[in-house]
Amino acid sequence: AESMKGDREIVLAAVTKDGSALQFAAGSLKSDQEIVLAAVSRSGSALQFAAESLKSDREIVLTAVSRSGYALRFAGESLKSDREIVLAAVRRHGYVLQLVADESLKSD
């Protein structure tokens, strides 16, 4: 079963169906941009299971917060003050404003 978790084709099929399946993928696949993008396209909160490096990938984070504003809490610190990403997140869930790192974005 462990080898299946490292099988790219199987993992891609799984996360395309259910993004949270990313949590069960082998570590190397959690840093695979295509797999993580497929996962967050399905379920924004799957961002929490992505490799740290991809939590700062703008395309992945923007996709995740567009799906679920609350995914902003799993984004890399630098992206928590990115205006476009914050805007996408609060458009999805206004309450996410409390997670915004940059005070100037709250009053802009």
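Let's start with a term: a residue is buried if its relative accessible area is under 20%, exposed if over 50%, and partly exposed in between, using a 1.4 Å probe and protein chains only. What you have open is a predicted model, where local features need pLDDT of at least 70, side-chain atom pairs count only at pLDDT 80 or more, and totals for chains, interfaces and linings use all residues. Residues are numbered from 1 along each chain as its sequence is written, and side-chain values use heavy atoms, with hydrogens and water left out.

**Stop 1: a positive patch**

Select Arg67, which sits in helix α4. (Helices are DSSP runs of H or I with at least four residues, numbered from the N terminus.) Arg67 is partly exposed, at 39% relative accessible area. Now add Lys17, Arg42 and Arg92: together with Arg67, they form a positive surface patch. A patch takes residues with over 30% relative accessible area and no salt bridge, and joins like charges within 9 Å.

**Stop 2: a loop glycine**

Next, click Gly44, in the loop between α3 and α4. Is Gly44 buried or exposed? It is buried, with a relative accessible area of just 2%. From Gly44 to Lys17 the sequence separation is 27 residues, while their C-alpha atoms are 13 Å apart.

**Stop 3: the core**

Select Val15, Leu22, Leu47, Val65 and Leu72. In the largest nonpolar core, which has 30 residues, these five touch the most other members. Helices α2 (8-17), α3 (33-42), α4 (58-67) and α5 (83-92) each supply at least two residues of that core, and α3 gives the most, with 5. A nonpolar core means buried Ala, Val, Leu, Ile, Met, Phe, Trp, Tyr and Cys residues joined through side-chain atoms within 4.5 Å. In soluble globular proteins, nonpolar side chains tend to be buried together.

**Stop 4: salt bridges**

How many salt bridges are there? The count is 6, taking a side-chain nitrogen of Lys or Arg within 4 Å of a carboxyl oxygen of Asp or Glu.

- Show Arg8 and Glu34, whose side chains meet at 2.6 Å, N to O. Arg8 is in α2 and Glu34 in α3, so this pair ties together parts 26 residues apart in sequence.
- Try Lys55 and Glu52, bridged at 3.1 Å, N to O. Lys55 is buried at 10%, whereas Glu52 is exposed at 58%.
- Pick Asp82 and Arg58, with their closest N and O atoms 2.9 Å apart. Asp82 lies in the loop between α4 and α5 and Arg58 in α4, so the pair links parts 24 residues apart in sequence.

Last, add Asp32 to Arg8 and Glu34: salt bridges that share partners join these residues into one network.

Key:
Patches are made of residues with over 30% relative accessible area and no salt bridge: like charges are joined within 9 Å, nonpolar side chains (Val, Leu, Ile, Met, Phe, Trp, Tyr) within 5 Å. Accessible areas come from the Shrake-Rupley method with a 1.4 Å probe; for residues, only the protein chains shown count as cover. Lys and Arg count as positive and Asp and Glu as negative; His and the chain ends are not counted. The place of a charge is taken as NZ of Lys, CZ of Arg, CG of Asp or CD of Glu.
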